[in-house]
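User: I'm new to this one and would like to get my bearings. Could you walk me through it with a few questions and answers?

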Amino acid sequence: MFMKTFEESWIAWVDGELSGEELAEFKASLPDISVAEMEKQEAFKLGNLLRERIGVRAMANGEFFQHQLLQEIEREAASASPRPETKARESWWSIGRLVWTGAASLALLSVFTFFVMREKTVGGRSAYLTQIIDARVDPAVSPNANISIFESKENKVTVVWVNGLQSLPSEYAAK
Amino acid sequence: MHTEATPAPAEKSDADLVQQCQAGDTAAFDQLVGRYRTRVFGMIYNMVHSEQDAWDLAQDSFLKAWKSIGRFRGQSSFYTWVYRIVMNVTIDWLRKKQVKGSGAEFDDAIQLKEIEPASRTAPKADALPHERMQDQEIRARIDAAIAQLSPEHRAVILMKEIDDMQYHEIAETLECSIGTVMSRLFYARKKLQNLLRDVYENI
């Protein structure tokens, strides 16, 4: 046994765990072997006193002890039985729902952003421009009609250039 | 230290009962409790010096053992494993009690007639009244001396001197190194020698 401290060596010596070289080294390290031997004898006496006087305390009503313990175990089991279900549900709420909620929120945000942006774009145009852009001109009916749009966002100016206006239906005219 | 109760031929081993417990068999656990309740209770009583507290702590310890028996892998004996739980529960309780500053360590003097008949320390049935009184006084002195030790020192000296455990078993139970066990034993013995010298020198 490898000893590090004096306390460990002392205890091993008192309990008869030292032998050979270790024992010789330890004894040589003691300043007064006779005093140490006296203390060793005292440790024996103490050990004997404790062993003789401290008995094993008998448990009165041991059967009742076990009955009480089993009751407690059953009570705990009864209160814990719905726990696995709750736990499963809790874990779904905490992980599964987090994922689903996250995905749904993202989708809602995308849709919302799309509509808001679309609304903004549409709302930024004049009603006349919208009418012109949304108009469909059938080249077979009005082959000369064409529309060009020039937009300067910096100056907040949009120019709509319409050729062949005479061929456009009258309802395309600005109100 | 007896690490496992020797089962009678018809009785199941601790390992078998543990397996049954792990399958949820409370009757098997009841059998294990029956095997070790006295030793567990006795050790706790020697630590806390109160029958009621020892009862409650033994209940707590066995309940914790039941709850965590699924994690018991059989690397040590069942008793060593339970003992670890018992010591953790008891030392924690003693620490909390010390923090609260409760002064009364003893709630009842030892009743010698309650010592197990099989105990090696069982007194003679025909002890005279004055002898019984002297025995009680000595026991009270010992309890008072042990109560002056820290929970950890108390545990070490009781496991070594009363339960006859080896250093490595104590270390395993208290989850500390063998060196720590020996160091605690050194200081516990020194302190008890100082407190009880007149007792063991005069009997």
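User: Let's start with two helices of chain B. At what angle do helix 6 and helix 8 of chain B pack?

Analyst: Keep in mind that this is a predicted model. Two packed helices are described by the angle between their axes and the distance between the axes. Here helix 6 (residues 151–161) and helix 8 of chain B have axes 9 Å apart. Angles of 65 to 115 degrees count as roughly perpendicular, and this pair is therefore roughly perpendicular, with an angle of about 90 degrees.

User: How many nonpolar residues are there in the contact of helix 6 of chain B with helix 8 of chain B?

Analyst: Helix 6 of chain B brings residues including Val156(B) and Ile157(B), which meet a set in helix 8 of chain B that includes Leu185(B), Ala188(B) and Leu192(B). Glu152(B) and Lys160(B) take part from helix 6, and Arg184(B) and Arg189(B) from helix 8. By class, the contact has one polar residue, four charged ones and, to answer you, seven nonpolar.

User: Which residue is at the centre of the kink in helix 8 of chain B?

Analyst: Helix 8 of chain B spans residues 178–201. Among its buried residues are Leu192(B), Leu196(B) and Tyr200(B). The helix bends by about 60 degrees, and the kink is centred on Leu195(B).

User: What from chain A helps cover the buried residues of helix 8 of chain B?

Analyst: Some of the cover comes from chain B itself, including helix 5, helix 6 and helix 7 (167–174). Helix 8 is also one of the chain B helices that supply at least two residues to the side touching chain A. From chain A, the cover includes helix 1 (6–14) and helix 3 (33–53).

User: How many residues does chain A put into the contact with chain B?

Analyst: Chain B gives 38 residues to the contact. By class, its side has 19 nonpolar, 11 polar and eight charged residues. Chain A, for its part, contributes 31 residues.

User: Which helix gives the largest share of the largest nonpolar core?

Analyst: This core has 63 residues, and Val40(B), Ile44(B) and Val82(B) are among those touching the most other members. Leaving aside neighbours within four places in sequence, Ile44(B) is in contact with Ala54(B), Leu57(B), Ala58(B), Val86(B) and Thr90(B). The largest share is 11 residues, and it comes from residues 26–48 of chain B, which is helix 2.

User: And how many strands does chain A have?

Analyst: Along the sequence, chain A reads α-α-α-α-α-α-β-β. That gives six helices and two strands.

Key: Residues numbered from 1 in each chain as written. Chains lettered and ligands numbered in written order. Predicted model: local features only at pLDDT ≥ 70, side-chain atom pairs only at ≥ 80, totals over all residues. Helix = DSSP H or I, 4+ residues; strand = E, 2+ residues; numbered from the N terminus. Core = buried A, V, L, I, M, F, W, Y, C linked by C-beta atoms within 7 Å. Buried ≥ 20, exposed ≤ 12 C-beta atoms within 10 Å, placed from the backbone. Contact = placed C-beta atoms within 7 Å. Nonpolar A, V, L, I, M, F, W, Y, C, P; charged D, E, K, R; others polar. Axes fitted to C-alpha atoms, helices over the stretch in contact; angles between N-to-C directions. Parallel < 35°, antiparallel > 145°, perpendicular 65-115°, else oblique. Bend = angle between axes of the 7 residues up to and from the residue.
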